[in-house]
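Reader: I would like to go through this model with you, one question at a time. Please show me the sequence and the structure before we begin.

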Amino acid sequence: MTSNANPEPGIGHADRRWLFEGIGLTAVIVALAILFILINPRFGTITNFINILTQASFIIVMAVGMTFVITSAGIDLSVGSAVAFITVVAFGLIKGGLNPLLGVAFMFALGAFLGFLTGSLVAYVKIPPFITTLGMMAGLRGLALVHSAGEMHFGLPTSVTYVGQGVLGGVPVPVIISLAAAVFGAWLFNRTRFGLHVRAIGGNREAARLAGVPVNRVEVMVYVLMGLFTALGGLIMMARIDSTQATIGTAMEIHVISAVIIGGTSLFGGRGSVYGSVMGALLLAMMTNALIIAGVDFFWQLVVMGGIVLIAVAISNLREQRIPALAHFMRREPPGGAESESARRPAQKQGGTLS
Amino acid sequence: MTRENTGALDAAKVLNVVGLTKSYGGLKAVDDVSFEVFEGEILALVGDNGAGKSTLVKALAGAQPPDGGRIEIDGVLHQLNSPRDASEAGIGCLHQGLGLVDTLNVPENVFLGRELLTRLLLVIPQLDHRKMRERTIELLDGFGISLPRLNDPVIRLSGGQRQTVAISRLLLQDVRLVVMDEPMAALGVEEGRRVLELVRTMRDRGISIIIISHNLEHVFQLADRITIMKNGRLIGVVSSAATTRDEVVRLITFGAAT
């Protein structure tokens, strides 16, 4: 226990190790980019890179929120439907003459309310997140269709479309917004009490509760935060194409969850990386872009994306030594070697023998 | 009921439990149990599986409020309806699972639920990782312990190191009484010895300790007094200096002194 094998105190960041994993992913992205450029120089233009960033922007924003959800050992399948519902309602109101600023504020309020509803069902009614958000996914899509079935909305005021189409200092506004969301999300995740509590309830809910973490309230807040990021993502999306419809955002949850999982956030909860999620979203956008440039059919793009997600989870499981057959080869010896392997699990009650 | 409160009577009574009762359905898991713990005393709680030790501990931890009886700390009656109540009353608990979050690092575990904050741009509260880290090192230094890699998730630590982290957590809370459930279980010989030392150091600082253990060797090495439970009842309190291991085994097994 007083092992001074490595007395170097180690400085700085709380989750540096996960940052390293993010750097690994960054290296993959850079390597792939170089490969794509070698295959087709058109891929390597500045315009194309800005394109990729713009296309990734709303996925990045929602992936930041999803990082909190998944780290808390939850999941949110309803983000695509929520985007549809929030945007069709807001679009209708703004088109109906509501002040655009109030319309945008309403989007965030609605997103937060939906998150509050989801979070309350998860935390207090104890419906598993998967089921709760599956229900929300169907219900919100239904409401969006009820609200404007078959209708396609066009023609937002320029003050709103600026969010999706504007350019500031040569950089598209959606890119700036998504980067700001990512920086804010990373700060919230790593440097605030809320972020610590999210990581704690995902890692060991009971231990967090015993330590005095208000687990239910934190869980509700996680989904409220997801709702806010969903509203922001929806706003960017709607402003960029200056339209929305009830079927918008179909299967978007797959992209968002994939980005987070590729980024190294554990589906089992407890640990995650906002930086990784951003990189995951970029990787997906880059792959899609490269496939489009290569003229690959949309249906095949989905197949490729599915493959990437499965490979990413497989790698993550290997790293976490969850595959018994391979764990032996991947194991990093804990200090104390094999003997402490059993000692790491003091929770297991010993047999009923005395003396 | 045999009672031999030798020695400890001059010290202040930290914990006084009177007539504690807890039933599950028709089963009385803890049946009218009364005992006390004095300042700076190590009291061992022994008994076979199902004797009621865990239920008693849960009542003290605020995890499962009892059906009846009184719990007094420093002479003040306390209702322990939640872990927070227990913590505020000055009772710290070391559960079998230690209550650590495997994915968090050492300072994060030590300070979870009572984080130190600083202000970003003078207004926005954020975690003071540096100060939490420094305080953690101070706490550990106080026990002559140095953990390598404080920034690693605690799942990477050995069993004894995890014990240290859990105990550091308790020390941060200015506890009067620490309840430890099988603290030496599943530890190697050397690690168990170090935890033993840690328990003594805590006692030397005036903290009272209730320790549950199946290992009578550890019980005799540590405890000032030993309480024996059987079928939910407290059947004896003996001074460890004035009894033998055989005697305690006999009480545990047959419930009667010879």
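Reader: Which residues, leaving aside its neighbours within four places in sequence, is B:Val179 in contact with?

Author: This is a predicted model, in which local features need pLDDT of at least 70 and side-chain atom pairs count only at pLDDT 80 or more, whereas totals for chains, interfaces and linings use all residues. Residues are numbered from 1 along each chain as its sequence is written, and chains are lettered from A and ligands numbered from 1 in the order in which they are written. Two residues are in contact if their C-beta atoms, placed from the backbone, lie within 7 Å. With neighbours within four places in sequence left aside, the partners of B:Val179 are B:Val57, B:Leu60, B:Ala61, B:Ile91, B:Cys93, B:Leu94 and B:Ile210.

Reader: Which helix gives the largest share of the largest nonpolar core?

Author: A nonpolar core is a set of buried Ala, Val, Leu, Ile, Met, Phe, Trp, Tyr and Cys residues joined through C-beta atoms within 7 Å, and a residue is buried if 20 or more other C-beta atoms lie within 10 Å of its own, exposed if 12 or fewer, and partly exposed in between, with C-beta atoms placed from the backbone. The largest such core has 176 residues, and those with the most contacts inside it are A:Ile59, A:Ala63 and B:Val179. This core draws at least three residues from each of domain 1 (1-90 + 175-258) and domain 2 (102-174) of chain B, the bounds coming from an automatic or database domain assignment. Helices (H or I, at least four residues) and strands (E, at least two) are DSSP runs numbered from the N terminus, and the largest share, 17 residues, comes from helix α10 (residues 215-241) of chain A.

Reader: Which helix gives the most to the side of domain 1 of chain B that touches domain 2 of chain B?

Author: The centres of the two domains of chain B, taken over C-alpha atoms, are separated by 28 Å. Their contact takes eleven residues from domain 1 of chain B and ten residues from domain 2 of chain B. On the side of domain 1, five residues come from the helix that gives the most, which is α6 (residues 189-204) of chain B.

Reader: Why is α12(A) described as largely enclosed by the rest of the structure?

Author: Helix α12 (residues 274-293) of chain A reaches 29 Å from its first C-alpha to its last, close to the 28 Å expected at 1.5 Å a residue, where the expected span is 1.5 Å times one less than the number of residues. In chain A as a whole, 47% of the 355 residues count as buried. The helix is largely enclosed because, of its 20 residues, the number buried is 16.

Reader: Which are the edge strands of the open sheet in chain B?

Author: Two strands pair if DSSP finds at least two bridges between them, and four strands form this open sheet with antiparallel pairing, in the order β3-β2-β5-β6. Strand β2 (residues 13-24) and strand β3 (residues 27-38) of chain B pair over eight bridges, with B:Leu15 partnered by B:Val37 and B:Ser23 opposite B:Lys28. The strands that pair on one side only, and so are the edges by DSSP pairing, are β3 and β6 (76-77) of chain B.

Reader: Which residue in the turn between β8(B) and β9(B) has a positive phi?

Author: Strand β8 (residues 117-120) and strand β9 (residues 124-127) of chain B run antiparallel and are joined by four bridges, with B:Thr118 standing opposite B:Gln126. They form a hairpin with three residues between them, and the turn residue with a positive phi, about 55°, is B:Leu121.
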